[in-house]
Amino acid sequence: MVKCFNCGAEYEGNYCPDCGTENPKAAEMPSVSETSQNNYSAPPPPPQRYVPPPVYNNVAVVNNNDVTSVGGWIGWLFLLSLLPVIGAVIMLCCTHDESAKNFAKAQLFFMLLGVGIIVLIIILMAFIGMAASQ
């Protein structure tokens, strides 16, 4: 059923039976019998948008490919023997291997511990030397 644009009456066909106004969309619209004869196919679903997975927290993933080789360890130990403090800092900052970073942290800790012990010995020797001179 089509509603007339002029008088508002409902009708079927190309012309309104009440006022005779032509339906401009009648030529474009197929009749009911034509649509029932054609195979009806549902419209395609709307395109789906990509939704990236949620990021919960920035957790560093340990990659097993970042393992320091034997040659790498030889290079690090050579650097640590030539420049102990600077080498440990470079090792801590530049490597991606967690075990090498932990080694550099331990190396720095033991260097600081050694410096502290040496300072303590020097202070004790100074007190002993002052006590012996009196």
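What covers the buried residues of helix 3? Keep that in mind as you go round; the model you have open is predicted.

**Stop 1: the whole chain.** Colour by secondary structure. The protein has 4 helices and 2 strands. Starting at the N terminus, the order is β-β-α-α-α-α. Now switch to a surface view. The accessible surface is about 11400 Å², and carbon and sulfur atoms hold 64% of it. Of the 134 residues, 13% are buried. For a contact map, take the contacts with a separation of 6 or more: residues 24 or more positions apart account for 19% of them.

**Stop 2: helix 3, inward side.** Select residues 84-94, which form helix 3. Show G87, A88 and M91, the buried residues of this helix. They sit on the same side of helix 3 because they cover an arc of only 100 degrees around the axis. The opening question can now be settled: the cover over these buried residues includes helix 2 and helix 4.

**Stop 3: helix 3, outward side.** Turn the helix round. I86, C93 and C94 are exposed on the other side.

**Stop 4: helix 2 against helix 3.** Add residues 70-82, helix 2. Two packed helices are described by the angle between their axes and the distance between the axes. Here the axes come within 6 Å and cross at roughly 145 degrees. Show the side chains of the contact. Helix 2 brings W73, W76, L79, L80, S81 and L82. Helix 3 brings P84, G87, A88, I90, M91 and C94. Colour them by type: 10 are nonpolar, 2 are polar and none is charged.

**Stop 5: the largest nonpolar core.** Select W76, L80, A88, M91, A100, A104 and M111. These 7 residues make up the largest nonpolar core. Helix 2, helix 3 and helix 4 (98-133) each give two or more residues to this core. Which element gives the largest share? Helix 4 does, with 3 residues. In soluble globular proteins, nonpolar side chains tend to be buried together.

**Stop 6: A104.** Centre on A104 and hide its neighbours within four places in sequence. The residues then in contact with A104 are A88, M91 and L92. Two of these names, A88 and M91, are already familiar from the buried side of helix 3.

**Stop 7: a separate core.** Leave the helices and select V2, C4, A9 and C16. These residues are among the 5 of a second, separate core.

Methods:
Residues are numbered from 1 along each chain as its sequence is written. This is a predicted model: local features need pLDDT of at least 70, side-chain atom pairs count only at pLDDT 80 or more; totals for chains, interfaces and linings use all residues. Side-chain values use heavy atoms; hydrogens and water are left out. Axes are lines fitted to C-alpha atoms, for helices over the stretch in contact, and angles run from 0 to 180 degrees between N-to-C directions. Contact means heavy atoms within 4.5 Å. Ala, Val, Leu, Ile, Met, Phe, Trp, Tyr, Cys and Pro count as nonpolar, Asp, Glu, Lys and Arg as charged, and the others, Gly among them, as polar. A nonpolar core is a set of buried Ala, Val, Leu, Ile, Met, Phe, Trp, Tyr and Cys residues joined through side-chain atoms within 4.5 Å. Buried means under 20% relative accessible area, exposed over 50%, partly exposed in between (1.4 Å probe, protein chains only). Accessible areas come from the Shrake-Rupley method with a 1.4 Å probe; for residues, only the protein chains shown count as cover. The arc is that of the directions from the helix axis to the C-beta atoms.
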